[in-house]
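User: I would like to learn how to read a few features from a structure. Can we work through them one by one?

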Amino acid sequence: MGSVLPKGVHWIRDSAVKFDPDNKRVHTGSGDQISYEYMVIAMGVALDFHQVPGLEEALEKDPMVCSNYSPKYVSKTSKAIHAFKEGNAIFTFPNTPVKCAGAPQQVAYLTDWHFRREGKRERAEVIYNTSLPVVFSVKKYAASLMNVIKERGIKLNVRRNLVEVRADKKEAVFENLDNPSEKITYQIMTMFDIAHLAPS
């Protein structure tokens, strides 16, 4: 990183734990205080697989549970898509900020394409569960994406949020965000099913 920084820029490898705009200071994790004249805050997204009980265990142990959101698990996606025989192919968009909001749909569409190419599509239920009330939050793209979903026969469930993965029972549990007491459970993680899950 240091090799690409402009001259005069000092790279501080620390976390910001407190902003003090009245005194124009940032407090760091190591206890330092850094003063500033102008500040631009660009918060990164921290992936937290622990927010969904059972998710990390499933990602570690089951070859058919994958996520493109971590370098640790991304290579599992292609392997799972190729190993798929029949059943549910579940894709999720979480109820929290996420890097690249289009990625869960992209992998769903690519999986659908691969299944068609390999003659597996008629044996697959491709399911896209999104926490949003629409397929995509940018209106001008949402209509086109709805056409893609309909043309490809992808099952779209809106206002659904992954809340638990039960690796022992091979289940993914979603809550209905419009009625949080309602839980929807899908059978996953058999030798035939695939689940691409986005972290919270």
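Analyst: What follows takes sheets, cysteines and a cavity in turn. Keep in mind that this is a predicted model.

User: Start with sheets. What is the strand order in the sheet that holds β1, and how do its strands pair?

Analyst: Read a sheet by its order and its pairing sense. Here three strands form an open sheet, ordered β1-β2-β3, and the pairing is antiparallel. The edges are β1 (16-20) and β3 (33-35), each with pairing on one side only. From one strand to the next, the twist averages 25°.

User: How many bridges join β1 to β2?

Analyst: Four bridges join β1 to β2, which spans residues 25-28, in the antiparallel sense. To fix the register, look for partners across the pair. Lys 18 has His 27 in β2 as its bridge partner. Asp 20 stands opposite Arg 25 in β2.

User: And the turn between these strands? Which residue takes a positive phi there?

Analyst: Check the loop length, then the backbone angles. The hairpin of β1 and β2 has four residues between the strands. Lys 24 is the residue with a positive phi, near 50°.

User: Now the sheet with β8. Which strands are at its edges?

Analyst: Begin with the order again. This open sheet has three strands, β8-β9-β10, with antiparallel pairing. Its edge strands are β8 (160-166) and β10 (179-187), and each of them pairs on one side only. The twist here averages 30° from one strand to the next.

User: How many bridges join β8 to β9?

Analyst: Six bridges join β8 to β9 (residues 171-176), and the two strands run antiparallel. For a register mark, take Val 165: its bridge partner in β9 is Ala 172.

User: Next, cysteines. How many disulfides does the structure hold?

Analyst: First the general idea. A disulfide is a covalent bond between the sulfur atoms of two cysteines. The structure holds zero disulfides.

User: Why does Cys 66 have no bond to the closest cysteine sulfur?

Analyst: Distance settles the matter. The closest cysteine sulfur to that of Cys 66 belongs to Cys 100, and it is 16 Å away, so it is too far for a bond. The cut-off for a disulfide is a sulfur pair within 2.5 Å. Seen from the other end, Cys 100 is in no disulfide, and its nearest cysteine sulfur is that of Cys 66.

User: Is Cys 66 buried or exposed, and what about Cys 100?

Analyst: Use relative accessible area. Cys 66 is buried, at 0%. Cys 100 counts as partly exposed, with 48% relative accessibility.

User: Last, cavities. How many of 30 Å³ or more are found?

Analyst: Take the count, then the volume, then the lining. A search of the whole structure finds one cavity of 30 Å³ or more. The largest cavity has a volume of about 40 Å³. Eleven residues line the largest cavity, and those closest to its centre are Thr 92, Pro 94, Asn 161, Leu 162 and Ala 198.

User: Which elements give two or more residues to that lining?

Analyst: Those elements are β5 (87-93) and β8. The most comes from β8, with three residues. So the edge strand β8 of the β8-β9-β10 sheet returns here.

User: How does the lining divide by residue type?

Analyst: The lining of the largest cavity has six nonpolar residues, four polar and one charged.

Definitions and conventions: Residues numbered from 1 in each chain as written. Predicted model: local features only at pLDDT ≥ 70, side-chain atom pairs only at ≥ 80, totals over all residues. Heavy atoms only, no water. Pairing = 2+ DSSP bridges. Axes fitted to C-alpha atoms, helices over the stretch in contact; angles between N-to-C directions. Buried < 20%, exposed > 50% of the residue type's maximum accessible area, 1.4 Å probe, protein only. 1 Å grid on protein atoms, 1.4 Å probe; cavity = no way out; pocket = protein on both sides within 12 Å on 5 of 7 lines; lining within 4 Å. Points joined across faces, edges and corners; volume = space filled by probe spheres on them. Nonpolar A, V, L, I, M, F, W, Y, C, P; charged D, E, K, R; others polar.
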